[in-house]
Amino acid sequence: MPAVTRRDYTGPADLRAMQSLAQRIWSKSSSLHVGDLAWQRFQHAGREAEWPTVLWEAGGEVVAWGWVSLPGELALLVDPARPELASEVLAWFEDTASAAELAVTVLDAEEHVVAALERRGYALGQSPVFHSYMSRLLVDLPEPVVPGGFTVRSVGPDDLARRVSVHRTVWHPSRVTEPSYRAVMAAWPYRAGLDWVVEAPDGRFAAQCLIWLDERNGVGELEPVGTLPEFRRAGLARAVCLAALRSAHHAGAREAVVYPVLNHPKSAGALPLYRDLGFRPYARTLTFTRTRRRIPPFPESASPEGAHRRT
Ligand SMILES: CC(C)(COP(=O)(O)OP(=O)(O)OC[C@H]1O[C@@H](n2cnc3c(N)ncnc32)[C@H](O)[C@@H]1OP(=O)(O)O)[C@@H](O)C(=O)NCCC(=O)NCCS
């Protein structure tokens, strides 16, 4: 096997490299869709200093990566063909984090990562909040239906302000801004033709559904989805999601996935909505926690830049 080298994340081209691993190992037991990665990295601007990120490469391709959210959370992806790298990513995380309590979220089906976590002394956390991973084959998709005066369509070049506005109202208080959404739109594999909205009679966007397409695996991912509070339970999310799913199918997707948060007060409607749309759960996230052995020399509040620079 080719030797493994390690390097720091340097910018958007490296996100593309991290996405290439997600795409190469895509299966029902891998935790990340390429669209999820783009959305998570670009939806908020100015957070790079909070996010130490390292890539492991072998033979010209990414075989593992770790993405820390300081002070103490880790997201990681490890090629199941190189399971030994899971421990290396965890060791780097333990050295990089500044919190006393470390948290790592993985998919229950990622057995090679779960095994490494258990070997390094992490235990399953008790939080009731987790992500359900749901999927649906893109067959028998009904036509979207909206109430009179509403229209369902994909976004155009002049829609940025209204597109950001519907997101910010749904997720208030939200850190998504026009510049950060522009970065989302510039990220691979965003396509405006897969970014769907319902326009209300007064011109506002009342609901939205963005679907990301992984062309290689024929899988679309819904992220995010929302309806303005005053328009809820009128079938708008159902309609805008159906329009997005149909457009992804037209563009080559055979299947779609969505990762709703469960037991979170902001997302109470998500699970029933996706069930109504025909999605069924196939996996869930687990959060493992552990106390950090080496405590940083200064309390974080006394030395914030120190915490950010430790890589
Ligand atoms: C989840 C959300 C998008 C639903 O939008 P909506 O436009 O109200 O949904 P719809 O009216 O199209 O609902 C379609 C079906 O989903 C189910 N559903 C939707 N919201 C529900 C809720 N709060 N409780 C129970 N069932 C619900 C119902 O089966 C509904 O059909 P019905 O009204 O005929 O019974 C909206 O509540 C929202 O924006 N929430 C905050 C953001 C969020 O959680 N987004 C999803 C995760 S990314």
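**Legends for close-up views of a predicted model**

**View 1. The residues that surround the ligand.** In this predicted model, the shell around the ligand is made up of ten nonpolar, five polar and five charged residues. There are 20 residues around the ligand, and those that come nearest are Val225, Thr227, Arg233, Gly235 and Arg238. Take a moment to find these five in the structure before moving on to the next view.

**View 2. Backbone atoms that meet the ligand.** Here we look at valine 225, alanine 234 and arginine 238 in turn. Valine 225 places a backbone N or O atom 2.8 Å from a nitrogen atom of the ligand. For alanine 234, a backbone N or O atom is found 3.3 Å from a ligand oxygen atom. Arginine 238 has a polar backbone atom at 2.8 Å from an oxygen atom of the ligand. On its own the ligand has 900 Å² of accessible area, and the protein covers 79% of it.

**View 3. The elements behind the shell.** Three elements give two or more residues each to the shell around the ligand: strand S11 (219-227), helix H7 (236-250) and helix H8 (270-276). Which element gives the most to this shell? That is H8, with five residues.

**View 4. Helix H4 and its cover.** Helix H4 runs over residues 111-119, and its buried residues are His112, Val113, Val114, Ala116 and Leu117. As a reminder, an α-helix has 3.6 residues a turn, so residues three or four places apart point the same way. The cover over the buried residues of H4 includes two strands that are easy to look up, S4 (73-78) and S5 (101-107), together with helix H3 (85-96) and strand S14 (280-291). After H4 comes glycine 121, with a positive phi near 90°.

**View 5. The whole protein, for orientation.** To place the close-ups, it helps to step back: the protein has nine helices and 14 strands. Its C-alpha trace spans about 60 × 45 × 35 Å along the principal axes. The radius of gyration is 20 Å, which agrees with the value near 19 Å that a compact globule of 311 residues would have. Buried residues account for 52% of the 311 residues. Among contacts with a separation of 6 or more, 72% join residues 24 or more positions apart. The accessible surface of the protein is about 14100 Å², and carbon and sulfur atoms hold 54% of that surface.

Key:
Residues are numbered from 1 along each chain as its sequence is written. This is a predicted model: local features need pLDDT of at least 70, side-chain atom pairs count only at pLDDT 80 or more; totals for chains, interfaces and linings use all residues. Side-chain values use heavy atoms; hydrogens and water are left out. A residue is near a molecule or strand if one of its heavy atoms lies within 4 Å of it. A polar contact is a pair of N or O atoms within 3.5 Å; within protein, one must be able to donate a hydrogen and the other to accept it, and residues adjacent in sequence count only if both atoms are side-chain atoms. Accessible areas come from the Shrake-Rupley method with a 1.4 Å probe; for residues, only the protein chains shown count as cover. Helices (H or I, at least four residues) and strands (E, at least two) are DSSP runs, numbered from the N terminus. Ala, Val, Leu, Ile, Met, Phe, Trp, Tyr, Cys and Pro count as nonpolar, Asp, Glu, Lys and Arg as charged, and the others, Gly among them, as polar. The radius of gyration is taken over C-alpha atoms; the globule rule is 2.2 Å times the number of residues to the power 0.38. Buried means under 20% relative accessible area, exposed over 50%, partly exposed in between (1.4 Å probe, protein chains only). Contact means heavy atoms within 4.5 Å.
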